[in-house]
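This briefing introduces one protein chain to a reader who has not seen it before. The sequence and the model come first, and the notes follow by topic.

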Amino acid sequence: SKVSRLLRKIGATKIVNAKGQTVYSLPREPAPPTPGTLLRDLIIDVSHNETLVVILTSPGSASMVGRMLDYANIETEILGTVDGDDTLFVAPKTVHDIKKLVEESKKHLYL
């Protein structure tokens, strides 16, 4: 019973698979944020290459994270942001300081 409670807590549900067996299934995407969700809990990953920073978020959160970065006090590093549903592209003003941009972005997003 403890395992069942833990599985329900992470959003697992019982389904019948193709073989007719009853199994637990996890949701394909994270649960929507609750009012108490912290900003850092919405961010899944921050990565970069030589020219662009990519931030992966929970579905529906990219525009809010992009807005936070747009209004953060790091305008000297960010040229602009483009966000979709769960992915945010951050264009640096110069590619020479991209690692600095990543670190400052993480700081402003409480990561």
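Which residue of β6 stands opposite Thr81? Thr81 stands opposite Val90. The model is a predicted one. The protein chain has four helices and six strands, and a sheet of four strands, with the helices α3 and α4 in contact with its strands, takes up much of what follows.

**Overall layout**

- Read from the N terminus, the elements follow the order α-β-β-α-β-β-α-β-β-α.
- The protein chain holds 111 residues, and 24% of them are buried.
- About 7800 Å² of the protein chain is exposed, with 55% of that area supplied by carbon and sulfur atoms.
- Among contacts in the protein chain with a separation of 6 or more, 45% are between residues 24 or more positions apart.

**The four-stranded sheet**

- The strands form an open sheet in the order β3-β4-β6-β5, and their pairing is antiparallel.
- β3 (43–48) and β5 are the edge strands, each pairing on one side only.
- From one strand to the next, the twist averages 15°.
- Strands of a sheet pair through backbone hydrogen bonds, in either a parallel or an antiparallel sense.

**Strand β6 and its partners**

- Strand β6 (residues 87–92) pairs with β5 in the antiparallel sense, over five bridges.
- A hairpin connects β5 to β6 by way of three residues.
- Several residue pairs can be placed along β5 and β6: Asp83 stands opposite Leu88, Thr81 stands opposite Val90, and Ile78 has Pro92 as its bridge partner.
- β4 and β6 also run antiparallel, and four bridges join them.
- Leu56 has Thr87 in β6 as its bridge partner.
- In a regular strand, side chains alternate between the two faces of the sheet.
- β6 shows this alternation: the side chains of Leu88, Val90 and Pro92 point to one face and are buried, while those of Thr87, Phe89 and Ala91 point to the other face and are not buried.

**Helices against the sheet**

- α3 packs on the sheet and touches β3, β4 (53–57), β5 and β6.
- The direction of α3 makes about 25° with that of β6.
- α4 lies across β3, β4, β5 and β6, and runs at about 165° to β3.

**The salt bridge**

- How many salt bridges does a search of the whole structure find? The search finds one.
- The salt bridge is formed by Lys100 and Glu77, whose closest N and O atoms are 3.5 Å apart.
- The pair links distant parts of the chain, with the two positions 23 residues apart: Lys100 is in helix α4 (residues 98–108), and Glu77 is in the loop between α3 (62–71) and β5 (78–83).
- Side chains of opposite charge can pair when their charged atoms come close.
- Is Glu77 buried or exposed? Glu77 counts as buried because its relative accessibility is 8%, which is under the 20% limit.
- Lys100 is partly exposed, because its relative accessible area of 44% falls between the 20% and 50% limits.
- With neighbours within four places in sequence left aside, Glu77 is in contact with Ala91, Pro92, Lys93, Asp97, Lys100, Leu101 and Glu104.
- Two of these contact residues, Ala91 and Pro92, are also among the β6 residues whose side chains point to opposite faces.

**A nonpolar surface patch**

- Which residues form a nonpolar patch on the surface? The patch is made of Met64, Met68 and Tyr110, which together have about 310 Å² of accessible area.
- Tyr110 is found in the segment after α4.
- Tyr110 counts as exposed because its relative accessibility of 53% is over 50%.

Methods. Residues numbered from 1 in each chain as written. Predicted model: local features only at pLDDT ≥ 70, side-chain atom pairs only at ≥ 80, totals over all residues. Heavy atoms only, no water. Salt bridge = Lys/Arg side-chain N within 4 Å of Asp/Glu carboxyl O. Buried < 20%, exposed > 50% of the residue type's maximum accessible area, 1.4 Å probe, protein only. Contact = heavy atoms within 4.5 Å. Patch = residues over 30% accessible without salt bridge, like charges linked within 9 Å, V, L, I, M, F, W, Y side chains within 5 Å. Areas by Shrake-Rupley, 256 points an atom, 1.4 Å probe, with all protein chains shown as cover. Pairing = 2+ DSSP bridges. Axes fitted to C-alpha atoms, helices over the stretch in contact; angles between N-to-C directions.
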